[in-house]
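Me: Please take a close look at a single strand in this model. I want its pairing, its cover and its charged contacts in one connected answer.

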Amino acid sequence: RSTLSSSSAASDVYKRQPAYPYEARSAGAQGVVVLLVDVDARGLVSQVEIERSSGHVSLDAAGRDAVLGWTYRPARRDGVAVPCRIRQKVAFQLDG
């Protein structure tokens, strides 16, 4: 199971849950990756950087790959859509 949270002037409209990598699940790996996400004025993700690793390369990659496909309602300044950078957390947690 993966959970998501974000805080920014842009708000998420479409987000696909990241796949939990098989090798990470098998190893019992859990963690939270913090991503810096560039959102253009159309609400599309143009770039994703890892700000803080989950401690597991496969979880970081799964979070980054998922966010690359998300769509946001863009930030607005004076009523005009503008590009912005937001911080996005993606948590990977095993049930039970």
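Reply: L36 has E49 in β4 as its bridge partner. That bridge belongs to the antiparallel pairing of β3 with β4, which runs over six bridges. This is a predicted model.

Between the two strands of this hairpin lie five residues. One residue of the hairpin, G43, takes a positive phi near 95 degrees.

β3 also pairs with β8. The sense is antiparallel here too, over nine bridges. V34 stands opposite K89 of β8. As for cover, β3 is mostly buried: eight of its nine residues fall in that class. In a regular strand, side chains alternate between the two faces of the sheet.

Now the charges. Side chains of opposite charge can pair when their charged atoms come close. The whole structure holds four salt bridges. One of them joins D38 to R85, with the closest N and O atoms 2.7 Å apart. This pair links distant parts of the chain: D38 lies in strand β3, R85 in strand β8, and 47 residues separate them. D38 counts as buried because its relative accessibility is 17%, under the 20% cut-off. R85 has 43% relative accessibility, so it counts as partly exposed.

A second salt bridge pairs D40 with R42, and their closest N and O atoms are 2.9 Å apart. D40 is buried, with a relative accessible area of 17%. R42 is exposed at 62% relative accessibility, because the class begins over 50%.

Next come β4 and β8. R87 forms a salt bridge with E51, the closest N and O atoms being 2.7 Å apart. This pair, too, links distant parts of the chain: R87 is in strand β8 and E51 in strand β4, 36 residues apart. R87 is partly exposed, with a relative accessible area of 41%. E51 is also partly exposed, at 39%. Salt bridges with shared partners join D38, E49 and R85 into one network. E49 is thus a familiar name: E49 is the bridge partner of L36 in β4.

β3 has one more role to describe, as cover for a helix. The buried residues of α2 are L59, D60, A62, G63, A66 and V67. They span an arc of only 165 degrees around the axis, so they sit on the same side of α2. What covers them includes β3 (31-39), along with α1 (22-27), β4 (45-52), β5 (71-73) and β8 (84-92). The length of the helix can be checked as well. α2 has 12 residues, 57-68, so at 1.5 Å a residue it should span 16 Å. Its end C-alpha atoms are 17 Å apart, which agrees.

Finally, the setting. The protein chain has two helices and eight strands. From the N terminus on, the order is β-β-α-β-β-α-β-β-β-β. Of the 96 residues in the chain, 39% are buried. Take the contacts between residues at least 6 apart in sequence: 71% of these join residues at least 24 apart. The chain exposes about 5,400 Å², and carbon and sulfur atoms supply 49% of that area.

To recap the strand: β3 pairs with β8 over nine bridges and with β4 over six. Eight of the nine residues of β3 are buried. Among these strands' charged contacts, D38 of β3 reaches R85 of β8.

Key
Residues numbered from 1 in each chain as written. Predicted model: local features only at pLDDT ≥ 70, side-chain atom pairs only at ≥ 80, totals over all residues. Heavy atoms only, no water. Helix = DSSP H or I, 4+ residues; strand = E, 2+ residues; numbered from the N terminus. Expected span 1.5 Å × (residues − 1). Buried < 20%, exposed > 50% of the residue type's maximum accessible area, 1.4 Å probe, protein only. Arc of directions from axis to C-beta. Contact = heavy atoms within 4.5 Å. Areas by Shrake-Rupley, 256 points an atom, 1.4 Å probe, with all protein chains shown as cover. Salt bridge = Lys/Arg side-chain N within 4 Å of Asp/Glu carboxyl O. Pairing = 2+ DSSP bridges.
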